[in-house]
Amino acid sequence: MSQLTLNAQLKALSGLDRPAGIELATLTRYDIPALASLYLVAYDSEEIAENLFDAVEEMRLAFNGEFGKHLDNSFVGAWVDGELVGAVLVTINPPWDEVDGPFIIDLMVAPKFRGRGIATALIGEVAARIDQAGYDMIGLRIDHHQAHDAFRLYEHLGFEEIPNRR
């Protein structure tokens, strides 16, 4: 099985470098259209929404708590010159039974902006925010065969595999 659940200590992730020219800010419902557009270009997978309408609906579901409760500031976007180029969505206690606490349900960066430290900056920012809310760990699920570059990033940042609890 290539699906892995990983976690990391928030203190180790807070304060990661932010590249120059990147603005990080809390995403709101008003950002759903831009977030849906980013979602479509960021993922090269059969498992994502097929069109903009479906992507908008997926983002609405996230904001409505279908994938776990989000804090007021746990959805963070990265902008370059007014364009949303990256985003991280973190929920608390997602509906997956083996996960407790904060969980990254999505981390996406537009392909032409990858390799510039945007994903690292997003993780550092959301980790600091979740840490201030009183949590000490953050988790995520990844298919390490299909998302090899993302898996390497998470390993580099100190995420470790959570043993299967089933």
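So, which residue just after α5 takes a positive phi? That's glycine 158, with a phi of about 105°. Before I go on, the ground rules. This is a predicted model, where local features need pLDDT of at least 70, side-chain atom pairs count only at pLDDT 80 or more, and totals for chains, interfaces and linings use all residues. Residues are numbered from 1 along each chain as its sequence is written, and side-chain values use heavy atoms, with hydrogens and water left out.

Okay, α5 itself. This helix covers residues 148–157 (helices are DSSP runs of H or I, at least four residues; strands are E, at least two; both numbered from the N terminus). Its buried residues are Phe151, Tyr154 and Leu157, buried being under 20% relative accessible area, exposed over 50% and partly exposed in between, with a 1.4 Å probe and protein chains only. Look down the axis of α5 and those buried residues fall within an arc of 130°, so they line one face of the helix; the arc is taken from the directions from the helix axis to the C-beta atoms. Asp149 and His156 sit on the other side of α5, exposed. The cover over the buried residues includes β1, α1, β5, α4 and β6, contact meaning heavy atoms within 4.5 Å.

Next, α2 and α3. Helix α2, residues 32–42, packs on α3 at about 115°, with the axes 8 Å apart. Axes here are lines fitted to C-alpha atoms, for helices over the stretch in contact, and angles run from 0 to 180 degrees between N-to-C directions. From α2, the contact residues include Ile32, Leu35 and Tyr39; from α3, they include Leu52, Met59 and Phe63. Overall the contact divides into 11 nonpolar, 1 polar and 2 charged residues (nonpolar is Ala, Val, Leu, Ile, Met, Phe, Trp, Tyr, Cys and Pro; charged is Asp, Glu, Lys and Arg; the others, Gly among them, are polar).

Last topic, the aromatics. The whole structure has 3 aromatic pairs: rings of Phe, Tyr and Trp (its six-membered ring) with centres within 6.5 Å, stacked if the planes are under 30 degrees apart, edge-to-face over 60, tilted for the rest. Tyrosine 39 and tyrosine 43 have ring centres 5.3 Å apart and planes at 75°, so that pair is edge-to-face. Tyrosine 39 is buried at 4%, while tyrosine 43 is partly exposed at 25%. Phenylalanine 63 and phenylalanine 75 also pair edge-to-face, 4.9 Å centre to centre with 80° between the planes. Phenylalanine 63 is in α3 and phenylalanine 75 in strand β3, so this pair ties together parts 12 residues apart in sequence. Both of those phenylalanines are buried.
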